[in-house]
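Open the structure in your viewer and get ready to select a few pieces one after another. We will stop at some strands, then finish at a helix.

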Amino acid sequence: MSTALTIDAQSASEYCRTCKLEYPVSRGSAYENGTPFAIYVAGMHACEKGGSAIIAIAFRGAAGEAPRAATVQVWAVEEQFQMSVPEPAQSPWLSHKYLGRMLSRTEALEPSLKASLFRVADAVVYQNRQVRGFFAWLDRPSAKNGT
Ligand SMILES: [Zn+2]
């Protein structure tokens, strides 16, 4: 049975240690049928060649347990989105302790978590206006020429 997954969003910014610039971030909660079950933070940055959105998604832990988080990196490739799960050391969100423990790639891709992780990532990519706008901006002709 499918359920309705919705998100909310607010704008923020983050500092890139590589290029020393601030870049836009959108963050919020994900709701399953109106009940919050995860939070996310999506960084939109074209520092790397091609540009990508890097989204950390943190799931509430059981009572008394810290939340568990994983990172999903998203690229737009010819009208489609490609997603990968980097190791925690590659995540710009590793230092954000409120997200909880950042899971390894292997842990994040375990069947019990993987589907939820990519459902939230999909919701952010398709429902978050700021993220959609970022990919539309990357897709502009001048960006493709690398200028
Ligand atoms: Zn940068």
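## A short tour

Start at a turn: select V77 and Q80, which are bridge partners, with Q80 lying in strand β7. Bear in mind as you look that this is a predicted model.

Now widen the selection to β6 and β7, which form a hairpin with two residues between them. Click on E78 in that turn; its phi is positive, about 45°. Strand β7 covers residues 80-84, and five bridges join it to β6 in an antiparallel arrangement.

Next, add residues 52-59, which make up strand β5. This strand pairs with β6 (residues 68-77) over seven bridges, also in the antiparallel sense. To see one place where they meet, select I55 and find V72 of β6 opposite.

Which strand pairs with β6 in the parallel sense? Select residues 101-102: this is β8, and two bridges link it to β6. Here R68 has R101 as its bridge partner.

Finally, move to helix α2, residues 111-127. Its 17 residues should span 24 Å at 1.5 Å a residue, and the end C-alpha atoms are 24 Å apart, so the two agree. Color L117, V120, A121, V124 and V125, the buried residues of α2. Look down the helix axis: these buried residues fall within an arc of 135°, so they line one face of α2. In an α-helix there are 3.6 residues a turn, so residues three or four places apart point the same way. Then pick another color for P111, S112, A115 and Y126, exposed residues on the face of α2 turned away from its buried side.

Notes: Residues numbered from 1 in each chain as written. Predicted model: local features only at pLDDT ≥ 70, side-chain atom pairs only at ≥ 80, totals over all residues. Pairing = 2+ DSSP bridges. Helix = DSSP H or I, 4+ residues; strand = E, 2+ residues; numbered from the N terminus. Expected span 1.5 Å × (residues − 1). Buried ≥ 20, exposed ≤ 12 C-beta atoms within 10 Å, placed from the backbone. Arc of directions from axis to C-beta.
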